[in-house]
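Work through the exercises below with the sequence and the model open side by side. Each task is followed by a solution in steps.

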Amino acid sequence: MRVTKTLSISALALVAALTMAGCAGGADEAEAPEVEQTEFAAGSTMAKLQEAGEITIGTKFDQPLFGQVDVDGDPQGFDVEMGKLIAAKLGISEDNITWTETVSANREPFIESGEVDVVIATYTINDARKEVISFAGPYYEAGQDLLVLAGNPEGIEGPEDLTGKAVCTVSGSTSEKNIAEYTTDVIATGGYADCLEPLRTGAVVAVTTDNVILAGLADQNSPEFEVVGNPFTEEPYGIGLAKDDTDFRNFINDVLEESYEDGTWAEAWENTAGVVLDTPEPPAVDRY
C-alpha cells in the first residue's frame with residue numbers, strides 16, 4: 001500500500017510512541033480481503049477505479065483503533081479495514097491503495113477537490129456535510145463523551161459540569177460544535193493526541209470527542225486517563241464521497257450490507273477496535 005507522507009506532529013509523535021511501546025492490544029493481524037473482479041457500468045466511478053487499478057482513501061493517522069499509523073508508517077484500524085474491503089470489491093488489492101492523512105478540517109475539501117476518492121475517518125454523517133458531499137453508511141454508531149484524568153478529580157459526570165471550564169477538542173469536528181453549547185472555553189487543536197498534554201497539565205479539565213476515539217486514547221495511555229462513560233450525542237460514522245455520485249454510494253452501501261451478513265465487518269472490528277471494545281451490532285445503512 002502507499003501512504004501520502006503528510007504526517008502531522010501528533011501522528012509523528014504517535015509513531016515514536018508505538019516504536020517504544022508497541023501497538024496496544026494483541027489481536028491477530030487481519031487477513032487481506034479477497035480481491036474480486038466484477039463488471040461495472042461503463043463510465044461509473046467503480047469502473048474508472050477498477051480500470052485504474054488503484055484508489056486513494058483519506059483516513060486519520062492519529063486515531064487509535066480506527067486509523068493510526070504503525071511503526072512502519074502504515075495506517076491501521078477499523079476505518080482502514082473498511083477501506084480495504086471496499087477496494088477489494090473494486091478489484092483493487094491493498095497494495096494499490098494510497099492512504100492520505102485526512103483530519104477533521106479537510107475531509108470535505110479533499111473530497112470536493114478530488115484529492116481522495118473516499119474518506120473513511122471517524123466521519124459523522126450530518127445534514128450540513130451532506131450539502132457538499134454524499135455519504136454511504138453509516139457503518140458504526142458512536143457517541144460523544146469526555147476523557148478526564150484517572151480518578152476524575154474534577155468530578156465531571158457530563159457536559160453540564162463543564163460550564164466555565166476549559167475543554168480540548170479538534171478544530172472542524174462535530175465535537176467542537178457540540179461542546180460549544182456547554183462551555184465557551186474551548187481549545188481546538190489539529191488532532192486529538194494534541195489534547196492530551198493540556199489535560200495532563202491541567203490547562204483543560206477534559207478532552208471531548210466520540211467515545212470510541214477516547215477509549216483508544218485511554219487504552220494507549222493507561223493508566224493516565226479514563227472515559228466518563230456518559231455519551232451525550234449520536235454520531236453515525238459514514239464514508240464520504242463526491243456529492244450525488246449515487247451509483248458509487250449505492251455500491252458502497254451494498255458492500256457494507258454484504259459485510260454485515262458474511263461476517264467480514266465483525267472480523268474487521270474484532271481485529272482492530274475489538275481489542276478494547278465489545279463487538280456491537282452494525283447499524284442499518286441509510287439509502288437516502
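**Exercise 1. Helix H7 and the strands under it**

Task: State how much of H7 is covered, name the buried residues, and say which strands H7 lies across.

Solution. Step 1: H7 is mostly covered, with 7 of its 10 residues buried; buried means under 20% relative accessible area, exposed over 50%, and partly exposed in between (1.4 Å probe, protein chains only). The model is predicted: local features need pLDDT of at least 70 and side-chain atom pairs count only at pLDDT 80 or more, while totals for chains, interfaces and linings use all residues. Residues are numbered from 1 along each chain as its sequence is written, and side-chain values use heavy atoms, with hydrogens and water left out.

Step 2: The buried residues of H7 are Val212, Ile213, Leu214, Ala215, Gly216, Leu217 and Ala218.

Step 3: H7 (residues 211-220) lies across strands E9 (144-149), E12 (206-210) and E13, and runs at about 130 degrees to E12. Helices (H or I, at least four residues) and strands (E, at least two) are DSSP runs numbered from the N terminus. Axes are lines fitted to C-alpha atoms, for helices over the stretch in contact, and angles run from 0 to 180 degrees between N-to-C directions.

Step 4: In the loop between H7 and E13 sits Pro223. The peptide bond from Ser222 to Pro223 is cis, with omega about 5 degrees.

**Exercise 2. The sheet of 5 strands**

Task: Give the strand order of the open sheet of 5 strands and find its edges.

Solution. Step 1: The order is E11-E10-E12-E9-E13, and the pairing is mixed. Two strands pair if DSSP finds at least two bridges between them.

Step 2: E11 (186-189) and E13 (225-227) are the edge strands; each has a single partner strand, so one side of each is left without a neighbour in the sheet. From one strand to the next, the twist averages 30 degrees.

Step 3: For one pair, take E10 (residues 167-170) and E11, which are parallel and share 4 bridges. Val170 has Thr189 in E11 as its bridge partner.

**Exercise 3. Two helices against H8**

Task: Describe how H3 and H2 each pack on H8, with angle, axis distance and contact residues.

Solution. Step 1: H3 (residues 78-89) and H8 (residues 246-262) pack at about 110 degrees, with axes 10 Å apart. The two helices are therefore roughly perpendicular; angles under 35 degrees count as roughly parallel, over 145 as roughly antiparallel, 65 to 115 as roughly perpendicular and the rest as oblique.

Step 2: H3 contributes Met82, Leu85, Ile86 and Lys89 to the contact, and H8 contributes Phe251, Ile252, Val255, Leu256, Glu258 and Ser259. Contact means heavy atoms within 4.5 Å. By class, the contact of H3 with H8 has 7 nonpolar, 1 polar and 2 charged residues. Ala, Val, Leu, Ile, Met, Phe, Trp, Tyr, Cys and Pro count as nonpolar, Asp, Glu, Lys and Arg as charged, and the others, Gly among them, as polar.

Step 3: H2 (residues 45-52) packs on H8 at about 75 degrees, with axes 8 Å apart. H2 and H8 are therefore roughly perpendicular as well.

Step 4: Thr45, Met46 and Leu49 of H2 meet Asp247, Phe248 and Phe251 of H8. This contact has 4 nonpolar, 1 polar and 1 charged residues.

**Exercise 4. The loop before H8**

Task: Decide whether Asp244 and Asp245 are buried or exposed, and find what Asp245 touches.

Solution. Step 1: Asp244 and Asp245 lie in the loop between E14 and H8. Asp244 is exposed at 59% relative accessibility, whereas Asp245 is buried at 19%.

Step 2: Phi of Asp244 is near 65 degrees, a positive value in a residue other than glycine.

Step 3: Beyond its neighbours within four places in sequence, Asp245 is in contact with Thr45 and Ser134. Asp245 and Ser134 are 111 residues apart in sequence, yet 7.3 Å apart in space, C-alpha to C-alpha.

Step 4: E14 (235-242) has 7 of its 8 residues buried. E14 runs antiparallel to E8 (residues 133-142), with 7 bridges, and Phe135 has Gly240 in E14 as bridge partner.

Step 5: Pro138 is in E8, and the bond joining Gly137 to Pro138 is a cis peptide with omega about 10 degrees.
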